[in-house]
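This report examines charged side chains and their surroundings in one structure. Pairings between side chains are treated before an unpaired residue, a surface patch and a polar residue.

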Amino acid sequence: MAYNQAAGIGGMLKKGHRAMEGLEGATLRNVEACHEISTITRTSLGPNGMNKLVVNHLGKIIVTSDCATIVKSLEIEHPAARMLQLAAEAQDFECGDGTNLVVSFAGELLAQSVDLFRMGLHPSDVVSGYSKAGDKLLDDFLPPMAQLVRPMTDGRAKEELVRVVKPVLAAKHLGSEDILAPLVAEACLGTMSSSTVGPASFSVESVRVAKILGGGISQSHVIHGFVALRGLETTKTSATDAKVVVFGCGIEASATEAKGTVLMKNADDLKNYNRSEEKKMEEVIKSIADSGVNVCVSGGTVSEMALHFIERYGMLCLKIGSKWELRRLCVATGATALVRLGAPTPDEMGHCDSVYQREVGGRPVTIFSQSEGSKTSKLSTIVLRASTSSVLADLERAIDDGVHAAKTACKDGKLVPGAGATEMEMALKIRAFADTCPGLDQYAIRAFGKALEVVPRTLAENAGLDQGVVLAALGAAHAGGKLSAGVDIDAMGVTDASGVIDQTNVLDLYSTKVSALKLAIDAALTILRVDQIIMSKQSGGGSVGGGMV
């Protein structure tokens, strides 16, 4: 088919393609889609944030206020909104916290650009102004805010970790932070290297969560070691100073790869056949016991015959079906997962101070506990208790954010005032900077400063306060030199977020804040630079798809 010049771009592309261009056709559509997703997540910002009930494509019900979980669960189709989703996922992977700030601030930047377009500004003017304001914010205005708060100096001090982790947990589960923060700090400290040289460090993968339904949050505790959510296979249920062997295969007689036929002529042949199999299995189990092993862990099935001989030789036996759990147990005990059934060498064996079975919430669990300071103690498990599975899942997400915050703080312990104080101070400085800029850029820079107010405004809205009154009082406090003044959701007003005047101590990690602002600015600028959308097939037309209820 020849190209029809009169048909324009529609004649150039194959049938079914759609093309939208210009301010009305592309830019404003993208801005609208991103504003929609930011509106969804914005009401979940802060300690008083509302939960979202999301039903995913598998029919699983998720009740959470965690922005990263919400945007992952939504099936977003619009490509511009997908950029915000990817930015939030990048923030979650990098810092574990601050995802709501990314989506809310980027959405507000794009919403502010609509008024600029109506004033007659070209998208390139808006992009230029936002870029200048972002560079000024990150390079000149934000670093001095970290000097207002005492940084975390020692990552191996429990009190210091609790100070950093508590505001992160309070933003997810207000009222539970006093219980959860010491648990997270203790679990992180249990996995840190014993060396006092250099900054403290640990792996977030070394802090695990075992969710057990029933009871209350106050019954949660930390185990220095591994917790398997199933009981032992043997009647013996405890061992101390145990040597552990881990088999990646099952503990059973190996089957032949090819089918074979055995001809038995009388009863003696059958008896001798069974007796030889028993003798071989007993030899294997006896060799394992003679090597000093107390605990056998199998990644597959354990035959009745093998279990009989394990009982005879006084060993414990545990069956773990998940290969990931098997790897974590190897990390906790220092063992090597074997693919052959036989006696382990001393290097392949693991060690555990105590292995025992307990009943928690009517459910038998097996605990591999290490004493504090043990050389093989490289894993900590937080045993979580709650009344419903939804609360347990949300608590697990909050703890994951807290562990990531502790990890980030060990790398960079600088802190800035929270509760919207940093954003309000930055908004005032950006507006003052706009007054010094000539040209059309100043309007975009001023809009950038107004967009920063989305954090204190949203915190006030979610707490049920009058946002106008709170923002006015907050602006007056900052103009009067109170750089740490933030939104107080308890006293219904303004407080000193750094805790200099009172004991509020609502703090944010400096590196998390920088990362969130960078990602939000980059995502907004990328979307504003798009002036044409070309789709290769017909879409449903909705800006955001998903199972939102």
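## Salt bridge between helices 13 and 14

Asp435 and Arg446 form a salt bridge through their side chains, with an N to O distance of 2.7 Å. Asp435 belongs to helix 13 (residues 421–435) and Arg446 to helix 14 (residues 441–452), so the bridge ties together parts that are 11 residues apart in sequence. The model is a predicted one.

The two partners can also be described by their accessibility. Asp435 counts as exposed, at 57% relative accessibility. Arg446, at 28%, counts as partly exposed.

## Other salt bridges and a network

In total, the structure holds 22 salt bridges. Side chains of opposite charge can pair when their charged atoms come close. One such pair is Glu108 and Arg42, whose side chains meet at 3.2 Å, N to O. This pair links distant parts of the chain: Glu108 is in helix 5 (residues 99–119) and Arg42 in helix 2 (residues 22–42), 66 residues apart. Glu108 has a relative accessibility of 6% and Arg42 a relative accessible area of 14%; both count as buried because each value is under 20%. Arg42 and Glu108 are also linked with Arg457 in a network of salt bridges.

A further salt bridge joins the side chains of Glu282 and Arg312, again with an N to O distance given as 3.2 Å. Glu282 lies in helix 9 (residues 267–290) and Arg312 in helix 10 (residues 304–312), so this pair connects parts that are 30 residues apart in sequence. Glu282 counts as partly exposed, with 25% relative accessibility.

## A buried arginine without a salt bridge

Which side chain of opposite charge is nearest to Arg385? It is that of Glu359, 9.8 Å away; Arg385 is buried yet has no salt bridge. The separation from Glu359 is given as 9.8 Å, whereas a salt bridge requires a distance within 4 Å. Arg385 is located in strand 13 (residues 380–386).

The side chain of Arg385 does reach a backbone oxygen, that of Gly214, at 2.9 Å. Gly214 is also one of the residues that Arg385 touches beyond four places away in sequence. Others in this set include Ile212, Leu213, Gly215, Gly216 and Ile217, together with Gln219 and Ser220. Val360, Gly361 and Leu392 are likewise touched by Arg385.

## A nonpolar surface patch

Met119, Leu440 and Tyr443 make up a nonpolar patch on the surface. Together, these residues have about 290 Å² of accessible area. Tyr443 is placed in helix 14, the helix that also holds Arg446. With a relative accessible area of 35%, Tyr443 is partly exposed.

## A buried threonine in helix 12

Thr408 is part of helix 12 (residues 389–411). Is Thr408 buried or exposed? Its relative accessible area is 10%, so Thr408 is classed as buried.

At 2.8 Å, the side chain of Thr408 reaches the backbone oxygen of His404. Apart from neighbours within four places in sequence, Thr408 is in contact with Cys95, Leu509, Ser511 and Thr512.

Key:
Residues numbered from 1 in each chain as written. Predicted model: local features only at pLDDT ≥ 70, side-chain atom pairs only at ≥ 80, totals over all residues. Heavy atoms only, no water. Helix = DSSP H or I, 4+ residues; strand = E, 2+ residues; numbered from the N terminus. Buried < 20%, exposed > 50% of the residue type's maximum accessible area, 1.4 Å probe, protein only. Lys, Arg positive; Asp, Glu negative; His and termini not counted. Polar contact = N/O pair within 3.5 Å; in protein donor to acceptor, adjacent residues only side chain to side chain. Contact = heavy atoms within 4.5 Å. Patch = residues over 30% accessible without salt bridge, like charges linked within 9 Å, V, L, I, M, F, W, Y side chains within 5 Å. Areas by Shrake-Rupley, 256 points an atom, 1.4 Å probe, with all protein chains shown as cover.
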